[in-house]
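Welcome, and please take a moment to turn the model around before reading on. The report below walks through a few of its parts, one neighbourhood after another.

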Amino acid sequence: MFFERPDSGELAVLVHLELPRHAGTHDPREFEELVLSAGGDPAEMLSGQRSAPHAKYFVGTGKLEELEALVRELDAELVIFNHDLSPSQERNLEKVLECRVLDRTGLILDIFAQRARTHEGKLQVELAQLEHMSTRLVRGWTHLERQKGGIGLRGPGETQLETDRRLLRARIKTISKRLEKVRRQREQGRRARSRADISTVSLVGYTNAGKSTLFNAITGASVYAEDQLFATLDPTMRRIGLPDVGPVILADTVGFISNLPHRLVESFRATLEEAASADLLLHIIDAAADERLRNIEQVGLVLEEIGAHEIPQLLIYNKIDLMGDMSPRIDRDDQGRPVAVWLSAQRLAENGAGLDLLFEALAELLTDDIFHETIRLHASMGSLRARLYRQNAVLNEGYGNDGTCDLEIRLPKVDLMRMLSAEDVALDKLLTGPVSDIQQLAI
């Protein structure tokens, strides 16, 4: 019911009002991209300005007459508002315009319905659609009165509207239970990764910033990636190996947008919890976008809403290939910690440009305590030496005349302490300083 869409685009008239004192004003260019992403055919955009929305029609009566004439002239099938409309405003507009009227939330829900591929994604979209629809049912059933008596006509005493609302509530309850089960399963997976000491890195960012392209370039996955809004809806997770860190789980998440409808945030909470429980967030930013700063701010607002605003972030300024002759680089703070990486996911996918810088920054942020020292092993410690080699932790090795060997090693200190505990060796016994007459061997 909720996932059948026409093959061809629908001719639509777009409506955008500037509301200086109203919080519901959105970018008209982004609005047009949303309509195109939904498969619509924007015929014309009607713009205007008001100090506040009209209570009955959202637009004023003069602008409504202009809109009505435009719909008839273009024979438009749909009118889409770049604002959130109340159910009564939608009903009143449809009576006057004699065509379907859709608001911004309904448009985004339609895009999500088209993008959902997994069972979980479809459940989340259907839940958001049902909750949105529950306040708008009256439009289709105003012609049906309470059921009458008589042979074959006696019923439960409900209007069709009341019956549909009851069925909707039952369906919403069923979906909510299923999503709660999904949430518990995801939580079990997160606990298992925590016990295995595997870090999770989640990609977040404004929609169409290039998250999926970067995800595919890093992991070799084939996640759907297109130059359109909300190309990715279903979360995808892959395991990668990082130098000095070991295995890491990388998660691709749904893109954010300005004033993301609250129903979507609630419905997708099971998915967004992957970002809220991550050890590090990679905030992907379209570096070439004019509204870059605004997009960063909007992502921050959504992260705050899902409780992920305090998780450490690494900013990834993507699409530097659109900014002229610019090379990948790392920006660091006063303490030398990475705060941003500039790269092009497209170039990274083609020739790996910038991947070493990205991995370097990730390793530094995920391993606060790296042990990089020279230790001395006696001849009886061959088992420990083998462990260090299996961990790829040995950088250089040298031997003394007394049979000892010095190893320059680099690895997370927690991993070293785990090895020493297994071998029953104390670290201070190994840190004896350089020996004389050592022959250095490059590894």
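Leu281 stands opposite Gln313 in strand β9. This pair belongs to a predicted model, so please read each value here as computed from a prediction. Strand β8, residues 280-286, and β9 run parallel and are joined by six bridges.

**The sheet around this pair**

Both strands sit in an open sheet of seven strands with mixed pairing, in the order β6-β7-β5-β8-β9-β11-β10. Which strands stand at the edges? They are β6 (236-242) and β10; each has a single partner strand, so one side of each is left without a neighbour in the sheet. On average, neighbouring strands of this sheet are turned by 25 degrees against each other, direction ignored.

Two helices that pack on this sheet are worth finding. Helix α8 touches β5, β6, β7 (246-252), β8 and β9, and its direction makes about 155 degrees with that of β7. Helix α11 packs on the sheet too, touching β5, β8, β9 and β11, with about 150 degrees between its direction and that of β8.

**Strand β11 and its partners**

Now follow the sheet to β11, which covers residues 338-342 and is mostly covered, with four of its five residues buried. With β9 (residues 313-318), strand β11 pairs in the parallel sense over three bridges, and Leu315 stands opposite Ala340 of β11. With β10 (residues 329-332), β11 runs antiparallel, and four bridges join the two. Arg329 has Trp342 in β11 as its bridge partner. The hairpin of β10 and β11 has five residues between the strands, and in this hairpin Gly336 takes a positive phi near 85 degrees. As a general point for looking at any such sheet, side chains in a regular strand alternate between its two faces.

**The nonpolar cores**

Leu281 comes back here. The largest nonpolar core has 30 residues, and those touching the most other members are Ile80, Leu107, Phe256, Leu281 and Leu303. Elements that give two or more residues to this core are β1 (11-18), α1 (28-37), β3 (78-81), α4 (104-115), α10 (269-276) and α11 (292-305). Of these, α4 gives the most, with five residues. Leu303 makes a good place to zoom in: leaving aside residues up to four places away in sequence, Leu303 touches Val204, Phe256, Leu281, Ala308, His309 and Gln313. Apart from this core lies another, of 29 residues, including Leu203, Leu280, Leu314 and Phe359.

**A mostly covered helix**

Helix α5 (residues 119-133) has 15 residues and reaches 21 Å from its first C-alpha to its last, close to the 21 Å expected at 1.5 Å a residue. How many of the residues of α5 are buried? The count is 11 of its 15, which makes α5 mostly covered. Among the buried ones are Leu123, Val125, Leu127 and Leu130, and also Glu120, Gln124, Glu126 and His132.

**Residues in loops**

Most residues other than glycine have a negative phi. Asn208 is not a glycine, yet its phi is positive at about 70 degrees. Asp424, also a residue other than glycine, has a positive phi near 60 degrees. The table sets out where these two lie, together with Pro53, and how accessible each one is.

| Residue | Loop between | Relative accessible area | Class |
|---|---|---|---|
| Asn208 | β5 (199-205) and α8 (211-219) | 21% | partly exposed |
| Asp424 | α15 (413-423) and β15 (439-442) | 71% | exposed |
| Pro53 | β2 (41-49) and α2 (61-74) | 27% | partly exposed |

Pro53 offers one further landmark: its C-alpha atom and that of Leu85 are separated by 9.6 Å, while the two residues are 32 apart along the chain.

**The cysteines**

A disulfide is a covalent bond between the sulfur atoms of two cysteines. How many disulfides are counted here? With sulfur atoms within 2.5 Å as the rule, the count is zero. Cys99 counts as buried because its relative accessibility is 13%, under the 20% limit. Cys405, at 6% relative accessibility, counts as buried too.

Conventions:
Residues numbered from 1 in each chain as written. Predicted model: local features only at pLDDT ≥ 70, side-chain atom pairs only at ≥ 80, totals over all residues. Heavy atoms only, no water. Buried < 20%, exposed > 50% of the residue type's maximum accessible area, 1.4 Å probe, protein only. Pairing = 2+ DSSP bridges. Core = buried A, V, L, I, M, F, W, Y, C linked by side-chain atoms within 4.5 Å. Contact = heavy atoms within 4.5 Å. Expected span 1.5 Å × (residues − 1). Axes fitted to C-alpha atoms, helices over the stretch in contact; angles between N-to-C directions.
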